Amino acid sequence: MSVGDLQEIVCPNPECEYYLRADGKAIIRRGKYKTGHQRYNCKHCGRFFMDTVGTAIYRKHLSKDEIRLIYRLYLERNGIRSIERITGHHRDTVSNLIRDTVRNEKTEDYLVKQIGLTANECEKLWALLEKKRNTSQKSD
Ligand SMILES: [Zn+2]
């Protein structure tokens, strides 16, 4: 993966006022991860994140159709690896997308209005994500 262009990077923190917002964002490069991924820092909320994270749900690698497909496959209880096989997207991309899907109004709004999930699908998604969080607290 190439080093992300700062222009393309948005804050992946759903708690942040600048969550996925390009206007007014303040993101800087801040070192690298051991994996070689560029590390970024949002100056608004202070969160550090990888290049793949700030863009996964936004626009760089995935179109809205692809994002919708990934969520639908996930809702059908496909694992990350089978979603990788079906969509051709790397499992890191898929798992980052899932991991960064945090339940709140902004995300739900985004999923329904931009991605085209139904309210019912969102409900199922939250339930699945909650279950996942409870069973794998030790991640990374
Ligand atoms: Zn932020």
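A residue counts here as buried if 20 or more other C-beta atoms lie within 10 Å of its own. By that rule, 29% of the 140 residues of the protein are buried. The model is predicted, and the views below walk through it piece by piece.

**View 1. The whole chain holds six helices and three strands.**
Following the sequence, the elements come in the pattern β-β-β-α-α-α-α-α-α. Take the contacts with a separation of 6 or more: 51% of them join residues 24 or more positions apart.

**View 2. Three strands make an open, antiparallel sheet in the order β1-β2-β3.**
Strands β1 and β3 (48–50) are at the edges, each pairing on one side only. From one strand to the next, the twist averages 40°. Let us look at one of the pairings in detail: strand β2, residues 38–42, runs antiparallel to β3 and is joined to it by three bridges. Here N41 stands opposite F48 of β3.

**View 3. The segment before β1 contains E8, L20 and R21.**
Start with L20, where phi is near 60°, a positive value in a residue other than glycine. Is L20 buried or exposed? L20 counts as buried because it has 21 C-beta neighbours inside 10 Å. The next residue to look at is R21, which has 14 such neighbours inside 10 Å and so counts as partly exposed. E8 is also partly exposed, because 14 C-beta neighbours lie inside 10 Å of it.
Two C-alpha distances are worth checking in your viewer. R21 and I9 are twelve residues apart along the chain, with 9.2 Å between their C-alpha atoms. E8 and A22 are 14 residues apart in sequence, and their C-alpha atoms are 8.1 Å apart.

**View 4. Helix α2 (64–75) turns one side toward its buried residues.**
The helix has twelve residues, and its first and last C-alpha atoms are 16 Å apart, close to the 16 Å expected at 1.5 Å a residue. Which residues of α2 are buried? They are I67, I70, Y71 and Y74. Because they cover an arc of only 95° around the axis, these residues lie on the same side of α2. The spacing follows a familiar rule: an α-helix has 3.6 residues a turn, so residues three or four places apart point the same way. Among the elements that cover the buried residues of α2 are α3, α4, α5 and α6.

**View 5. E66 sits in helix α2 and offers a look across to I115.**
With 16 other C-beta atoms within 10 Å, E66 falls in the partly exposed class, because buried takes 20 or more and exposed takes 12 or fewer. Along the chain, E66 and I115 are 49 residues apart, while their C-alpha atoms are separated by 9.2 Å.

**View 6. The largest nonpolar core has 13 residues.**
The members that touch the most others are I67, I70, Y71, I115 and L117. Which elements give two or more residues to this core? They are α2, α4 (91–99), α5 (105–115) and α6 (119–135). The largest share, four residues, comes from α2. Zoom in on I70 to find its contacts: leaving out residues up to four places away in sequence, I70 touches I83, T87, V94 and L97. Such a grouping fits a general pattern: in soluble globular proteins, nonpolar side chains tend to be buried together.

**View 7. Another core, of ten residues, lies apart from the largest one.**
Its members include I9, Y19, I27 and Y40. To place two of these names, recall that I9 was the partner of R21 in the 9.2 Å C-alpha separation, and that strand β2 covers residues 38–42.

**View 8. R77 belongs to the loop between α2 and α3 (80–87).**
Just after α2, R77 takes a positive phi of about 70°. That is a positive value in a residue other than glycine. Is R77 buried or exposed? R77 is exposed, because 8 other C-beta atoms lie within 10 Å of its own and the exposed class takes in residues with 12 or fewer.

Definitions and conventions. Residues numbered from 1 in each chain as written. Predicted model: local features only at pLDDT ≥ 70, side-chain atom pairs only at ≥ 80, totals over all residues. Pairing = 2+ DSSP bridges. Axes fitted to C-alpha atoms, helices over the stretch in contact; angles between N-to-C directions. Core = buried A, V, L, I, M, F, W, Y, C linked by C-beta atoms within 7 Å. Contact = placed C-beta atoms within 7 Å. Expected span 1.5 Å × (residues − 1). Arc of directions from axis to C-beta.
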